[in-house]
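Here are my notes after a look through this one. Have the structure open while you read.

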There are 2 protein chains.
Amino acid sequence: MRIGELSKATGASIRSLRYYEKKGLLTASRLESGYRVYNPLAVEQVRTIRLYLSLGLNTEQIASFLHCVMKSKEAFCEEVLPVFEKKLSEIDGQIRLLSEIRSNLIDRIASIREEKKEEKAQ
Amino acid sequence: MRIGELSKATGASIRSLRYYEKKGLLTASRLESGYRVYNPLAVEQVRTIRLYLSLGLNTEQIASFLHCVMKSKEAFCEEVLPVFEKKLSEIDGQIRLLSEIRSNLIDRIASIREEKKEEKAQ
DNA sequence: ATAAACCCTGACATCCGTGTGAGGGTCAAA
DNA sequence: TTTGACCCTCACACGGATGTCAGGGTTTAT
């Protein structure tokens with residue numbers, strides 16, 4: 001299949017498919033014209049790439065284990081666990097930070113509402 | 001005071017102080033040489049700017065109410081509440097998304113650990 | 001043969017506060 | 001006066017996946 005078909009089949013833009021190739025996540029053979037030609041399995045592969053991207057992994061991390069998870073189950077790929085654990089701890093950190101900011105904002109909003117109430121009361 | 005002193009007094013880099021000025025958050029008069037000269041109140045102003053930056057507001061949002069909060073209390077500035085509320089809802093959205101990803105990762109990590117246990121058991 | 005649809009590479013833009021470096025002027029103490 | 005510390009503006013880089021445009025070649029159906 002050509003790049004336009006793969007794009008439609010996966011929802012990834014043509015731009016993105018070329019980018020995944022550049023990052024070593026996807027390969028294609030070429031026609032004499034230079035057109036990329038994809039194996040039908042590429043559809044599943046692109047879906048897998050996008051799944052991991054949606055988990056916040058970057059292309060380098062995905063590249064480190066993609067060849068394995070395409071052949072075997074995720075659980076059988078040595079590389080996967082440390083990447084997931086690293087990502088999880090990053091996310092925990094982000095959630096902690098956002099939660100602090102959230103509390104701070106909530107306090108400030110509450111104070112402002114209080115002031116407004118008192119203003120009216122006068 | 002000059003920019004280097006203000007930088008030391010506030011912890012903001014000289015680069016950042018110039019940037020705040022460009023964004024309309026900070027003003028300075030100039031010596032004939034072109035050197036910036038700051039009012040002593042600038043120290044408090046820069047601290048205020050950095051406080052709001054740390055809450056995730058951008059320079060444009062801060063600019064929209066900074067002149068007011070430097071004169072009056074936060075609660076008396078009309079502009080503040082809607083900005084805080086907008087930011088809060090963004091943060092809630094971010095936390096929700098991160099929490100989904102977090103659950104997904106935790107599930108996957110647990111599955112992998114399960115597999116490993118079974119592997120050993122054999 | 002011609003038009004429409006498809007594909008190619010390369011490169012700039014995005015977000016946005018901050019780091020950094022070039023190239024050059026100013027101030028203060030020795 | 002010289003030296004070192006300080007200041008100025010301008011401009012590129014970052015992060016990282018994606019959008020988009022330019023300029024040009026290919027395929028396919030009519």
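Which oxygen of DNA strand D does a polar side-chain atom of R18(B) lie 2.9 Å from? My reading is below, with the reminder that this is a predicted model.

1. To take that question head-on: the R18(B) partner is a phosphate oxygen, with 2.9 Å between the two atoms. R36(B) also goes for the backbone of strand D, with a side-chain N or O atom 2.8 Å from a phosphate oxygen. R15(A) reads a base instead: one of its polar side-chain atoms sits 3.0 Å from a base oxygen of DNA strand D.

2. Zooming out on strand D, 22 residues surround it, and S13(A), Y19(A), Y35(A), G4(B) and R36(B) are the closest. Of the strand D atoms within 4 Å of the protein, 67% are sugar or phosphate, and bases make up the rest. The surface near this strand holds seven nonpolar, seven polar and eight charged residues.

3. As for who supplies that surface, α2(A) gives the largest share, with four residues.

4. Now DNA strand C. It has 21 residues around it, the closest being G4(A), R36(A), S13(B), Y19(B) and Y35(B). Sugar and phosphate make up 68% of the strand C atoms that come within 4 Å of the protein. By class, the surface here has six nonpolar, seven polar and eight charged residues.

5. Three side chains of chain A are worth clicking on at strand C. R36(A) has a polar side-chain atom 2.8 Å from a phosphate oxygen, and for R30(A) the distance from a side-chain N or O atom to a phosphate oxygen is 3.2 Å. Y35(A) goes to a base, with 3.1 Å between a side-chain N or O atom and a base oxygen.

6. Elements at strand C: α1 and α2 of chain A and α2 of chain B each put in at least two residues. The largest share, four residues, comes from α2(B).

7. Have a look at how α1(A), residues 3–10, sits on α2(A): the helices pack at about 105 degrees, with axes 9 Å apart. That makes α1(A) and α2(A) roughly perpendicular to each other. I3(A), G4(A), L6(A) and S7(A) make the contact from the α1(A) side, while I14(A), L17(A) and R18(A) make it from α2(A). By class, the contact residues are four nonpolar, two polar and one charged.

8. Confidence, finally. Chain A has a mean pLDDT of 95, with 99% of its residues at 70 or more. Among its elements, helix α5 (residues 80–121) has the lowest mean, 93, and strand β2 (residues 36–37) the highest, 98.

Notes
Residues are numbered from 1 along each chain as its sequence is written. Chains are lettered from A and ligands numbered from 1 in the order in which they are written. This is a predicted model: local features need pLDDT of at least 70, side-chain atom pairs count only at pLDDT 80 or more; totals for chains, interfaces and linings use all residues. Side-chain values use heavy atoms; hydrogens and water are left out. A residue is near a molecule or strand if one of its heavy atoms lies within 4 Å of it. A polar contact is a pair of N or O atoms within 3.5 Å; within protein, one must be able to donate a hydrogen and the other to accept it, and residues adjacent in sequence count only if both atoms are side-chain atoms. Ala, Val, Leu, Ile, Met, Phe, Trp, Tyr, Cys and Pro count as nonpolar, Asp, Glu, Lys and Arg as charged, and the others, Gly among them, as polar. Axes are lines fitted to C-alpha atoms, for helices over the stretch in contact, and angles run from 0 to 180 degrees between N-to-C directions. Angles under 35 degrees count as roughly parallel, over 145 as roughly antiparallel, 65 to 115 as roughly perpendicular and the rest as oblique. Contact means heavy atoms within 4.5 Å. pLDDT is the predictor's confidence in each residue, from 0 to 100.
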